[in-house]
Amino acid sequence: MLKMLTLLTFADIKAVSPDALTPWKAENLWQLYISTANAWIARSTRFAITPASDPSLLNRIHSMVPAAQYGELQQFLEGLPRRYLQTRLPEQIRDHSC
């Protein structure tokens, strides 16, 4: 979404006039995009699900899936916010991952 918003802003400025997008404006737009993307990445990793997030709940979910699907479940959970574990039942999480 951030990329699309940045491209839309770029196109909007260019549509006003071919000369409206000065190097200074382009640099500011680029810096805003990079700063925002970095902030979102830092925030999302700080609140992401990790093996230490809630070991008992993760073990319950793992016990509900066949061993062959364990990797698929891990890949599904990786990067999701911890809030996901707190707001879903283990059965729902299992169903979402498969």
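Analyst: Before any packing angle is read, one definition is needed: a helix axis here is a line fitted to the C-alpha atoms over the stretch in contact, and the angle between two axes runs from 0 to 180 degrees between their N-to-C directions. The structure under discussion is a predicted model.

User: How many helices and strands are there in the chain?

Analyst: The chain contains six helices and zero strands. Followed along the sequence, its pattern is α-α-α-α-α-α.

User: What percentage of the residues of the chain count as buried, and what share of the contacts with a separation of 6 or more joins residues 24 or more positions apart?

Analyst: Of the 98 residues, 21% count as buried. Among contacts with a separation of 6 or more, 59% link residues that are 24 or more positions apart.

User: How should the sides of a single helix be read? Which residues of helix H3 are buried?

Analyst: The general idea is that an α-helix has 3.6 residues a turn, so residues three or four places apart point the same way. In helix H3, which spans residues 55-63, the buried residues are Leu 57, Leu 58, Ile 61 and His 62. Viewed down the axis of H3, these residues fall within an arc of 135°, so they line one face of the helix.

User: Which residues are exposed on the other side of H3?

Analyst: Ser 56, Asn 59 and Ser 63 are exposed there. For Asn 59, the relative accessibility is 52%. Asn 59 also offers a distance to examine: its C-alpha atom is separated by 9.9 Å from that of Pro 90, which lies 31 residues apart from it along the chain.

User: Against which helices do the buried residues of H3 pack?

Analyst: They pack against helix H4 (70-77), helix H5 (82-87) and helix H6 (90-97).

User: How is the packing of two helices described, and at what angle do H3 and H4 pack?

Analyst: In general, two packed helices are described by the angle between their axes and the distance between the axes. For H3 and H4, the angle is about 135° and the axes are 10 Å apart. The two helices are therefore oblique to each other, since an angle over 145 would be needed to count as roughly antiparallel. The crossing of H3 past H4 is right-handed.

User: Which residues make the contact of H3 with H4?

Analyst: H3 contributes Leu 58, Ile 61 and His 62, while H4 contributes Tyr 70, Leu 73, Gln 74 and Leu 77. Sorted by class, this contact has five nonpolar, two polar and no charged residues.

User: May the reading be repeated for H4 and H6? At what angle do their axes cross?

Analyst: The axes of H4 and H6 cross at roughly 100° and come within 9 Å. These helices are therefore roughly perpendicular to each other. Here Glu 72, Leu 73, Phe 76 and Leu 77 of H4 meet Ile 93, His 96 and Ser 97 of H6. The residues of this contact divide into four nonpolar, two polar and one charged.

User: Where do the buried residues of H6 lie around the axis of that helix?

Analyst: The buried residues of H6 are Pro 90, Ile 93 and Ser 97. They cover an arc of only 60° around the axis, which puts them on the same side of H6. They pack against H3, H4 and H5.

User: How is a single residue placed in such a picture? Is Leu 73 buried or exposed?

Analyst: One states its element, its accessibility and its contacts. Leu 73 lies in helix H4. With 1% relative accessibility, Leu 73 is counted as buried. Setting aside residues up to four places away in sequence, Leu 73 touches Ile 61, His 62, Val 65 and Ser 97. The C-alpha atoms of Leu 73 and Ser 97 are separated by 5.6 Å, although the two residues are 24 residues apart along the chain.

User: Where is Leu 89 placed, and is it buried or exposed?

Analyst: Leu 89 is in the loop between H5 and H6. Its relative accessible area is 53%, and Leu 89 is exposed. From Ile 61, Leu 89 is 28 residues apart in sequence and 9.2 Å apart in space, C-alpha to C-alpha.

User: As a last case, in which helix does Thr 6 lie, and with which residues is it in contact?

Analyst: Thr 6 belongs to helix H1, residues 2-16. Its relative accessible area is 17%, and the cut-off for buried is under 20%, so Thr 6 is buried. Apart from its neighbours within four places in sequence, Thr 6 is in contact with Leu 29 and Tyr 33.

Methods. Residues numbered from 1 in each chain as written. Predicted model: local features only at pLDDT ≥ 70, side-chain atom pairs only at ≥ 80, totals over all residues. Heavy atoms only, no water. Buried < 20%, exposed > 50% of the residue type's maximum accessible area, 1.4 Å probe, protein only. Helix = DSSP H or I, 4+ residues; strand = E, 2+ residues; numbered from the N terminus. Arc of directions from axis to C-beta. Contact = heavy atoms within 4.5 Å. Parallel < 35°, antiparallel > 145°, perpendicular 65-115°, else oblique. Left-handed = near helix turned anticlockwise from the far one by under 90°. Nonpolar A, V, L, I, M, F, W, Y, C, P; charged D, E, K, R; others polar.
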